[in-house]
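Colleague: I would like to learn how to read a model like this one, feature by feature. Can we take the ligand, the empty spaces and the backbone in turn?

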Amino acid sequence: MNKYEKEFKFGKLLNYEVEDNVVIIKFKQEKVFMRIINSYMINFFVPLYRKERNSKAVENLKDSHCDFEVENIENGIQISTEKLLVKIYDEFKVDVYDKKGIILCEDYRGEKEHFKRRTADFKLAEAEGHDLKEVFEEKIYISKKMEEEMYFYGLGEKTGHLNKKGYHYVNWNTDDPKPHGETFDRLYKSIPFLICLNKQNAFGIFFDNHFETHFDMGRDNPKYYYFSGADGNLDYYFIYGPSVKNVVEGYTKITGTMPLPQIWTLGYQQCRWSYDTKERLMEIANNFREKGIPCDTLYLDIDYMDGYRVFTWNDERFENPEAMIKRLNSMGFKLVTIIDPGVKVDKGYKIYDEGLKNGYFATDNQGIVYRNEVWPGDSVYPDFLNSNTRKWWAENQKIMTDTGVSGIWNDMNEPASFKGPIPDDVMFDNDGIPVKHKEAHNVYGHMMAKATYEGVKKETGKRPFIVTRACYAGTQKYSTIWTGDNQSTWEHLRMSLPMLMNLGLSGMGFCGTDVGGFGHDCSPELLSRWVQVGTFTPLFRNHSAMGTRDQEPWAFDENTEEINRKYIKLRYKLLPYIYDAMWNCSKSGAPLIRPLLFNYQEDKNTYEINDEFLCGDNILVAPVALQGAKARMIYLPEGETWIDYWTKEEYKGGQNIIKETPLDICPIFIKGGSIIPIGEDQNYVGEKQIDTLKVEVYLCKENTETRYHHYIDDGESFKYQAGEFNDYKIKVANGDKVEMKVKIIDHNYEDKYKKIEFIIYNLNGKSLNVNGEKVNVVDGKAIISNWVG
Ligand code: MIG
């Protein structure tokens, strides 16, 4: 029996008190603090572990004052807001209804009935390599009744399908480079946030607990779904929709949205473990420019360092890095370097000595600095839960940024360890509330990313570009993420789609996978198909492991190179649209890459589509992720006309169609009526001066009325926060004639467009008015010169 089972009892509901927006509910055994954040978000807090909250995810959550009522009902109490009705009973059973009285989320009343794992000889089976599951000892356990028609999403970076029904997942940040299959219940990231879709009504549960937590969506028993935690407080948020979009917006209100990135970070990025000499790195840079394949960012992996000592350079292989980076910058490249957490044990090495002297490293339970092994050999772990350590780590970023480095890539911060797992009782100072490793583990990478972000921000004054492997809920505020060590296999290309879509729904607006796959040897066909997906994902980075076959765009044959060029150029064409989507994401949390159901929740056919996604509101991508596929079926959501990007043919939504898919064609569909700003053909962001606003307009036979906001700013600084940006509002009404309106709403950024060029598809001979005046269309183009806004 679980050692905690007895303790997790609330007992009879006795009474309640209201203090501002908190209803304090007293049970015989525990007190529950129910905080009404606003009419659709509620936090339940039970200090089972300690009085203080120890949230690392929630920083500046402001409650908006809203009216609510509390009353006694039979056997319990009821709290109602403008949107929700919450009924609470003995044993802290909670049922949540919408205002029409429709049940959204009902606590499960039965006993838990875990299925039985029958085992005989554990030891022998393990000796052969079988991975037998240990029974998880949970202190906190909340189960909810499973309804027949329920779908589950979110949970960050998890294997398997888009809909998480029937899966069981563990949040315990784990570095395991073996090929991630569906049997992997844990990866590098922990985002204990689940979205449930119950008969068209969506709500979210954010269980803010960074001990090991589990989420089970009916694997254990189809009668219920549950979340549980090894220890800590019970601290969870109920976030009502009714749309998934609202739930994501609510969740990112709580944990923060992804900040607006610099534009160059949205260009193509090339990485490799490792470009290990200056000569090789320059060869790569030159190749991009000679071959006319756009690229903004190159990476240096661990081998640039001196013996894997973080914040150092290997002088032999990278002599005079400042000059090298200057040269790269002049060619239009930014350089990103990897920084791991593990600090080499090495007297005389500045970082080690400083950290040791100031007590910046995690210790064992006797206060002795804890050692394990990572790349540099014997290593110690900075205590990122200590704000002094973070300050010091932030200052160290200067060593890199002064050399000219533009972004920092944080790896191994689960934290990984080569000599066995880090013991549970390794201690972290946590600013005076010491915590053990089992409480620090899942937020270690998160706090490292925070330190890195703050350092890079201070040193450069620009929007930091940080990439991290481990994360917790809320890491989106500091860092981009990538999904770690995938493999160059078709299976992993397929898996990346639901994984990235769920990451997007979990607040991680800026995410990507290693394009081409990390482990294993890539093939020309696989790279061709993968680059087609990467084109539409926020982070577009090709990366591969040491010892694997080269997979730069030109590494195979001319055809593969041409396909890479074609799609990377398409990415640069779409950059203004992608940047607009990132701007929106920074405000509302709506991710660039998202499942179809995000925009088409009324259309149930979209609920389990794993192999198509939306890129922003206007573009549907149906990539090919099967070797040799000459055609594929594509579902087009109901209620729209969809225009084939390549042929401009129109299709009615609400049907499956078959498209032929020769290797250079990734099926792309544009929503009828769409307005899509496009960029210049450039080798890198900022290569050309841009004074023309170019907009593609995709008309269709149906009459449409569409609006779009196009955003520009300097693309790198924080001046936009003081209003230095322009917001162009574009409206297109397609009726008997086509009427367009363009207006600048916010206009404090001085570099304004001087011309507009509309590229209009499917105009069908109609006449065109722009801002009330008739405009000629020649070859599908309408040009408005001397435009002043
Ligand atoms: O133990 O730095 O996921 O992207 O190339 C391997 C070397 C360490 C793991 C990362 C990968 C990176 C590699 N790192």
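Colleague: Start with the ligand. How many Å is an oxygen atom of the ligand from an N or O atom in the side chain of His543?

Modeller: Keep in mind that this is a predicted model. The separation is 2.9 Å, from a ligand oxygen to an N or O atom of the His543 side chain. The cut-off for a polar contact is 3.5 Å, so this pair counts as one. Asp301 offers another pair: its side-chain N or O atom is 2.5 Å from an oxygen of the ligand. For Trp375, the value from a side-chain N or O atom to a ligand oxygen is 3.2 Å.

Colleague: What percentage of the ligand's accessible area does the protein cover?

Modeller: On its own, the ligand has 350 Å² of accessible area, and the protein covers 94% of that.

Colleague: Which residues come nearest to the ligand?

Modeller: There are 13 residues around it, and the nearest are Asp301, Asp411, Arg469, Asp485 and His543. Sort the shell by class and you get eight nonpolar residues, one polar and four charged.

Colleague: Now the record. Where does UniProt place the TIM barrel domain?

Modeller: The unreviewed UniProt entry puts "Glycoside hydrolase family 31 TIM barrel" at residues 259–580. In the model, that span is 39% helix and 14% strand. Its end C-alpha atoms lie 13 Å apart.

Colleague: Which residues does the C-terminal domain annotation cover?

Modeller: The UniProt annotation, again from an unreviewed entry, reads "Glycosyl hydrolase family 31 C-terminal" and covers residues 589–676. Here the chain is 5% helix and 38% strand. The end C-alpha atoms of residues 589–676 are 20 Å apart.

Colleague: On to empty space. How many cavities of 30 Å³ or more does the structure hold?

Modeller: First, the general idea. A probe the size of a water molecule, rolled over the atoms, shows where empty space is left. In this structure, five cavities reach 30 Å³ or more. The largest has a volume of about 140 Å³. Its lining has 14 residues, with Asn54, Asp208, His210, Asn233 and Glu439 closest to the centre. By class, the lining of the largest cavity has three nonpolar, six polar and five charged residues.

Colleague: What volume does the second largest cavity have?

Modeller: About 120 Å³. The second largest cavity has 15 lining residues, and Pro259, Pro261, Pro464, Tyr478 and Thr480 lie nearest its centre. Eleven of the lining residues are nonpolar, three polar and one charged.

Colleague: Pockets next. What is the volume of the second largest pocket?

Modeller: The second largest pocket comes to about 800 Å³. Of its 32 lining residues, Ile263, Gly686, Lys688, Ile690 and Asp713 are closest to the centre. Elements that give two or more residues to this lining are α10 (558–588), β43 (692–698) and β44 (704–712).

Colleague: Which element gives the most to that lining?

Modeller: It is α10, with four residues. The lining of the second largest pocket divides into 14 nonpolar, seven polar and eleven charged residues.

Colleague: Last, the backbone. Is the peptide bond from Gly241 to Pro242 cis or trans?

Modeller: As a rule, most peptide bonds are trans, and most residues other than glycine have a negative phi. The Gly241 to Pro242 bond is cis, with omega near 5 degrees. Pro242 sits in the loop between β18 (234–240) and α2 (244–255). Glu414 and Pro415 are also joined by a cis bond, with omega about -5 degrees. The loop between β25 (407–410) and β26 (427–428) holds Pro415.

Colleague: And is the phi of Gln200 positive or negative?

Modeller: Positive, near 75 degrees, in a residue other than glycine. Look for Gln200 in the loop between β14 (193–198) and β15 (201–207).

Definitions and conventions: Residues are numbered from 1 along each chain as its sequence is written. This is a predicted model: local features need pLDDT of at least 70, side-chain atom pairs count only at pLDDT 80 or more; totals for chains, interfaces and linings use all residues. Side-chain values use heavy atoms; hydrogens and water are left out. A residue is near a molecule or strand if one of its heavy atoms lies within 4 Å of it. A polar contact is a pair of N or O atoms within 3.5 Å; within protein, one must be able to donate a hydrogen and the other to accept it, and residues adjacent in sequence count only if both atoms are side-chain atoms. Accessible areas come from the Shrake-Rupley method with a 1.4 Å probe; for residues, only the protein chains shown count as cover. Ala, Val, Leu, Ile, Met, Phe, Trp, Tyr, Cys and Pro count as nonpolar, Asp, Glu, Lys and Arg as charged, and the others, Gly among them, as polar. UniProt positions are given in the numbering used here, feature names are shortened, and annotations may be inferred rather than shown by experiment. On a 1 Å grid over the protein atoms alone, a cavity is a set of points where a 1.4 Å probe fits but cannot get out, and a pocket is an open set with protein on both sides within 12 Å along at least five of seven lines; lining residues have an atom within 4 Å of a point. Grid points are joined across faces, edges and corners, and a volume is the space filled by probe spheres set on the points.
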